[in-house]
Structures are given as structure tokens and as C-alpha cells.
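Here is a short report for a first look at this structure. Read it with the sequence and the model side by side.

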Amino acid sequence: MTVPLRLGTRGSALAMAQSGQIAEAVTAATGRPVELVEVVTAGDRSNAPVHRLGVGVFVSALRDALTARTIDFAVHSYKDLPTAAAGGLHIAAVPARQDPRDALIAQGGRTLAELPPGATVGTGALRRIAQLHALGLQLEVTPIRGNIDTRLARVVGPEADLDAVVLARAGLARIGRADEITETLDPMLMLPAPAQGALAVECRVDDQDLVELLAVLDHAPSRAAVTAERAFLATLEAGCSAPVAAYAELAEGDTGDEIYLRGAVISPDGTRDLRLSRTGTPADAAEIGKALAAELLDLGADSILGHEGHTGPGTQQFGSTE
Ligand SMILES: NCc1[nH]cc(CCC(=O)O)c1CC(=O)O
């Protein structure tokens, strides 16, 4: 009898959905049974604002369990991973990415353009707060947190107290609530978070058999896109809670595949909005991300990110508020 592989997962609906899906994919591709092992993270135990909780709160307990060998592999929402590499661990697969766009869920089926001045829109992510303000619609942006169901309850059902919330389309789709979206936001209005919609399948780097086995789930175009977006984020020395957005699209050019990367750094009040794009080949994904970040730094992105006076690596120490 084959010993099951132990897949460590948080207990949230989103984590269980994505871990379950990857467990099935591993079994289908390799014939190996997979068992889910629930790991409680500091982020799940606390009600404190996420930016106060420290290094990748939703991630570190899973990584500790990997290192302690109580689990064999873990599935993360890629956008929640700190940009700093984790010693002894390896991202063995980036599966095919889901729709990376953000979505609006508004009362009365409304779109952003249909919300009147003063309408209340809930989101906790600085990146979304900044872009909502930059639209100039006089929306009343309200900080919210909690899991996806908690955030949706602010607009749907008896406890609803906001006109709208903004959430990632991918998360809603994974927990089966995409039908409540009233507008999928064009990246021209709301550029997604780096790696949004992508998963990272992680195991110990010395577990060579598993590294090879999990590689069957890797999707090269998704990995290239995420590599460009994350190189952009890392070069800005910004963490996943910074007002930084990036979106790489792959298209067929005249001379083969082309990557088209858009990146933005926006002040939280929306008054300073730096956006540029760059193209190149998927093989140069990391270089494209770095070069785009360097261009934005030349334009003053540092001052928006508040790096002056910082000694450490930007906001990397913070967990995600995405
Ligand atoms: N920490 C929140 C988080 N992390 C991953 C997702 C789902 C989207 C994704 O997998 O990128 C979400 C919810 C959201 O942003 O609405």
C-alpha cells in the first residue's frame, strides 16, 4: 500500500477548496493518494489587523510544518507569499492560473460606474484603496478584513452595511460564489496584485522525488507571468501589503511568445499614480519585472512606498492584506 502524501492546509473555505483541488490533481496525475492535514496559522487565530501580525502570518505555520516534516507539501495563494525566499523550501509547481482580475460585488447588481458619489466600498488592500481613490468617483472607501464570506456579508444578506466590496475573482470562483459578482474589473481600472489568481505548490527542496512528482502540475506560461510580476514587486522592495499592482499577459507575437507586463505604484489617496508597461520574452520574465520596477523607481515610486528612512527591506515583513 502506498503511503499517502500529506498536504498541509489552512482550514478556511478558500484554503480547503484550493488544497482539495490540488490533492485531486496530484492523485489524478500520479496515482499517489493525498491526505489533507489541517494547520492552524497565527493569522487564523488573531483578529488583529493583518499588517500588525508579522511575517506572512498565513504562510509561516505551513512552512514550519514543512520544515518539521509533519507535512510533505503545501498550497499557498501565491500573492500571499513574502518575496523573500524560504530556506530549504522549493516552489515545485505553479499550476495554471485562474482569472487574476478583481471583482466588484455591489448591492442592486450595480457596476462601479453606477455607484453614486459617497457610495461605500469595502476593501482592506492598500492597492485596491489607492486605485479606487484614483478613479476620482468620490467613493467612500471603507477598510474591511476577514475571510471571503465575512467580507461578502458586508453587502449580501441581513447584515449588509456597505454598497459594495472588491475581492479577487479567483477566490470567489474557488469557493463557488463567483455568481455574486456584479462587475469583473478591467485591469485598466483595477490592476491586480502580483501573482493574484495563481497558486504556489511548495515542498522541501531535498525531497527530490516529490519535487519531480509535483512538477507535473507546473504550467509554464503561468510561472512566467508570476515570475515577472513577483520580480517587479521584489525589486520595489515592497511586500504584499504595499500599494503595488502588476499583471503580466502572455501573447503570441510575430517571433514567438511575448510577455506584456503592466505595473503600478499608487499613493493610498490616489493622487500619485505611476503606471508603465514593458514587453519581452517569457525567458526574460524576471528581467522584465526588474527593469519595469527600475523605471518606476526612477520616476519616484520610492517616495510613494515610503522607503525614505527605512533601513530594512521595504514592507516585506508584513503579511498580506490582500
Ligand atoms: N489574503 C486574501 C486572499 N488571498 C488569496 C485570495 C484569493 C485570490 C488569489 O488566490 O489570488 C484572497 C482573497 C481576495 O483577495 O479577495
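## Terms and confidence

Helices are DSSP runs of H or I with at least four residues, and they are numbered from the N terminus. Strands are runs of E with at least two residues.

This is a predicted model. The chain has an average pLDDT of 91, and 91% of the residues reach at least 70. One stretch is weaker: residues 309-318 have a pLDDT below 50. Beyond near neighbours in sequence, that stretch still has 23 contacts in the model. For the complex, the predictor gives an ipTM of 0.97 and a pTM of 0.92.

## Overall build

The chain holds ten helices and 13 strands. Its radius of gyration is 19 Å, close to the 20 Å that the globule rule gives for 322 residues, so the chain is as compact as a globular protein of that length. Along the principal axes, the C-alpha trace spans about 65 × 50 × 45 Å.

How much of the chain is buried? Of the 322 residues, 47% count as buried. Contacts also reach far along the sequence. Take the contacts between residues at least 6 apart: 71% of them join residues at least 24 apart.

## Three domains

The domain assignment splits the chain into domain 1 (5-95 + 199-218), domain 2 (102-184) and domain 3 (225-305). Seven residues from domain 1 and seven residues from domain 2 make the contact between these two. The side of domain 1 that touches domain 2 has five nonpolar residues, two polar ones and no charged ones. Taken over C-alpha atoms, the centres of domain 1 and domain 2 are 28 Å apart.

## The ligand site

Where does the ligand's shell lie with respect to the domains? Domain 1 and domain 2 both give residues to the shell, so it lies between them. Twelve residues surround the ligand. Those that come nearest are S77, L167, A168, G171 and Q196.

Two elements, β8 (164-168) and α6 (169-174), each supply at least two residues of the shell. By class, the shell has four nonpolar, five polar and three charged residues.

## Helix α3 and the loop after it

In α3, the residues A61, L62, R63 and L66 are buried. Just after this helix comes R69, with a positive phi of about 65°. R69 is not a glycine, yet its phi is positive. R69 sits in the loop between α3 (60-67) and β3 (73-77).

Is R69 buried or exposed? R69 is exposed, because there are 10 other C-beta atoms within 10 Å, and a residue with 12 or fewer counts as exposed.

## A second positive phi

E237 is another residue other than glycine with a positive phi, near 55°. Its place is the loop between α8 (220-235) and β11 (244-253). E237 has 19 C-beta neighbours inside 10 Å, so it counts as partly exposed. The cut-off for buried is 20 or more.

## A103 in strand β5

A103 belongs to strand β5, residues 102-106. A103 is buried, because 23 other C-beta atoms lie within 10 Å. Not counting residues up to four places away in sequence, A103 touches L167, R169, L172, I181, E183, T184 and L185. One of these, L167, is also among the residues that come nearest to the ligand.

R63, a buried residue of α3, is 40 residues from A103 in sequence. In space, the two are 30 Å apart, C-alpha to C-alpha.

## Helix α4 and what follows

Helix α4 covers residues 126-134 and is mostly covered, with eight of its nine residues buried. The buried ones are L126, R127, R128, I129, A130, Q131, L132 and A134. Just after α4, G136 takes a positive phi of about 70°.

Q138 follows in the loop between α4 and β7 (140-142). Which class fits Q138, buried or exposed? With 11 C-beta neighbours inside 10 Å, Q138 counts as exposed. Q138 touches P117 and G118, leaving aside residues up to four places away in sequence. S60 is 78 residues from Q138 in sequence, and their C-alpha atoms are 38 Å apart in space.

Terms used
Residues numbered from 1 in each chain as written. Predicted model: local features only at pLDDT ≥ 70, side-chain atom pairs only at ≥ 80, totals over all residues. pLDDT = per-residue confidence, 0-100. Near = placed C-beta within 6 Å. Nonpolar A, V, L, I, M, F, W, Y, C, P; charged D, E, K, R; others polar. Domains from an automatic or database assignment. Rg over C-alpha atoms; globule rule 2.2 N^0.38 Å.
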